There are 2 protein chains.
Amino acid sequence: VIVPLTGTEWIVDAAGCHPAALADIDHVRRCCDEIIAAMDLHVAAPPAWRRFDGPGGVTGLYLLSESHLTCHTFPEHGLLTLNVYCCKARTAPDWTALLESHFGAMDVHVRELIRGGLTDPSTSELSGVAT
Amino acid sequence: VIVPLTGTEWIVDAAGCHPAALADIDHVRRCCDEIIAAMDLHVAAPPAWRRFDGPGGVTGLYLLSESHLTCHTFPEHGLLTLNVYCCKARTAPDWTALLESHFGAMDVHVRELIRGGLTDPSTSELSGVAT
């Protein structure tokens, strides 16, 4: 089966974040909204947001014309995990700089996955350590 | 920065699917609901669904207590792309069998990513060709 490529997904795990910022749903939302604006993405349904009990992690999901953005935070671990799946060509922001500025992230790991390219799946990895 | 693992994400790309099934939002929804039930996942907000104009691809997003499930279809390419991110231990279904039975998928590619394990990111890949 020959399959065309249908987009890129950035899988971003950011560690060493400030727990209070990760538990602040409005703060996390502002960061996601900034990514959507910076990448010229378009929200196609009301975003879903939820703050969970316990450590107060939050989840946000955006249905986009260009696929989706999801974000989870784990204040108890200082961790934020982000997915941005984009079925149209876009340039990613500097994830390390972005997550350092919003959350004080100290260690940002980015995987860039090609979706739909079944016969030659491509994953490239890079890590950025905030300076 | 030492970071605990915070879950597993299955990235599943299924090719050779029946276009009519991929454009049928109720059919795609039933498949996603079956995955959620089979993996003992719990929906924590109303799922977002949208059918797009043109080839009629659909998108579904579920905010789960255990993170998220997202699904996109591309009828023009016979392709379905699925993400299941699970921050609690779960056993994945047989993706190849599942997507063959629902959509006639002929080629299913699965990547299993560990989230949050920044210093030793682990991606395992396997492909299943439906028989």
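Which residue caps the N-terminal end of α3(A)? Keep that in mind while we get our bearings; we'll come back to the helix shortly. One thing to know up front is that what you're looking at is a predicted model.

Let's start with chain A by itself. Chain A has three helices and seven strands. If you walk along the sequence, they turn up in the pattern β-α-α-β-β-β-β-α-β-β. Chain A has 131 residues, and 60% of them count as buried. Here "buried" has a plain cut-off: under 20% relative accessible area. The chain also brings together residues that are well separated in sequence. Take the contacts in chain A between residues at least 6 apart in sequence: 60% of these join residues at least 24 apart.

Now for that helix. The residue at the front of α3(A) is Asp94(A), which caps the N-terminal end by placing a side-chain oxygen 3.2 Å from the backbone nitrogen of Thr96(A). Helix α3 of chain A covers residues 95–103, and its buried residues include Trp95(A), Leu98(A), Leu99(A) and Phe103(A), along with Thr96(A) and His102(A). Try looking down the axis of α3(A): the buried residues fall within an arc of 165°, so they line one face of the helix. After the helix comes Gly104(A), with a positive phi near 70°.

Chain B has its own α3, and you can check the story there too. In α3 of chain B, residues 95–103, the buried set is Trp95(B), Thr96(B), Leu98(B), Leu99(B), His102(B) and Phe103(B). Around the axis they cover an arc of only 165°, which puts them on the same side of α3(B). The cap on the N-terminal end of α3(B) is Asp94(B), with a side-chain oxygen 3.2 Å from the backbone nitrogen of Thr96(B). Gly104(B) follows α3(B), and its phi is positive, near 70°.

How do the two chains sit relative to each other? A turn of 180° and a shift of 0.0 Å along the axis lay chain B on chain A with an RMSD of 0.0 Å. The two copies are thus related as by a two-fold rotation axis. In chain B, the C-alpha nearest that axis belongs to Leu61(B), 3.6 Å away from it.

Next, look at where the chains meet. Chain B gives 46 residues to the contact, and chain A gives 46 residues. Of the interface residues of chain B, 100% are also interface residues in chain A, so the copies meet through the same surface. The size of an interface is often given as the accessible area lost when the parts come together. Chain B and chain A bury about 3,600 Å² between them, with 66% of it on carbon and sulfur atoms.

There are polar links across the boundary as well. Between chain B and chain A there are 20 residue pairs in polar contact. The elements giving two or more residues to the side of chain B that touches chain A are β1, β2, β3, β4, β5, β6 and β7 of chain B. The count of salt bridges between the two chains is two. Arg115(B) and Asp13(A) meet in a salt bridge through their side chains, 2.6 Å from N to O.

Finally, let's zoom in on strand β5 of chain A, residues 79–86, where you'll find Thr81(A). Is Thr81(A) buried or exposed? Thr81(A) is buried, with a relative accessible area of 0%. That value is under the 20% cut-off for buried. Among the residues that Thr81(A) touches are Asp13(A) from its own chain, and Tyr85(B) and Arg115(B) from the other. With Tyr85(B), the side chain of Thr81(A) makes a side-chain polar contact of 3.1 Å. The C-alpha of Thr81(A) is separated by 9.6 Å from that of His109(A), 28 residues apart along the chain.

Asn83(A) lies in strand β5 of chain A too, and Asn83(A) is buried with a relative accessible area of 0%. Its side chain makes a polar contact of 2.8 Å with the side chain of Glu9(B). Another polar contact, of 2.7 Å, links the side chains of Asn83(A) and Arg115(B). The residues that Asn83(A) touches also include Asn83(B), its counterpart in number on chain B.

Methods. Residues are numbered from 1 along each chain as its sequence is written. Chains are lettered from A and ligands numbered from 1 in the order in which they are written. This is a predicted model: local features need pLDDT of at least 70, side-chain atom pairs count only at pLDDT 80 or more; totals for chains, interfaces and linings use all residues. Side-chain values use heavy atoms; hydrogens and water are left out. Buried means under 20% relative accessible area, exposed over 50%, partly exposed in between (1.4 Å probe, protein chains only). Helices (H or I, at least four residues) and strands (E, at least two) are DSSP runs, numbered from the N terminus. The arc is that of the directions from the helix axis to the C-beta atoms. A polar contact is a pair of N or O atoms within 3.5 Å; within protein, one must be able to donate a hydrogen and the other to accept it, and residues adjacent in sequence count only if both atoms are side-chain atoms. Copies are superposed by least squares on the C-alpha atoms of residues with pLDDT of at least 70 in both. Contact means heavy atoms within 4.5 Å. Buried area is the accessible area (1.4 Å probe) that two parts lose on being put together, summed over both. A salt bridge is a side-chain nitrogen of Lys or Arg within 4 Å of a carboxyl oxygen of Asp or Glu. Lists of a residue's contacts leave out its neighbours within four places in sequence.
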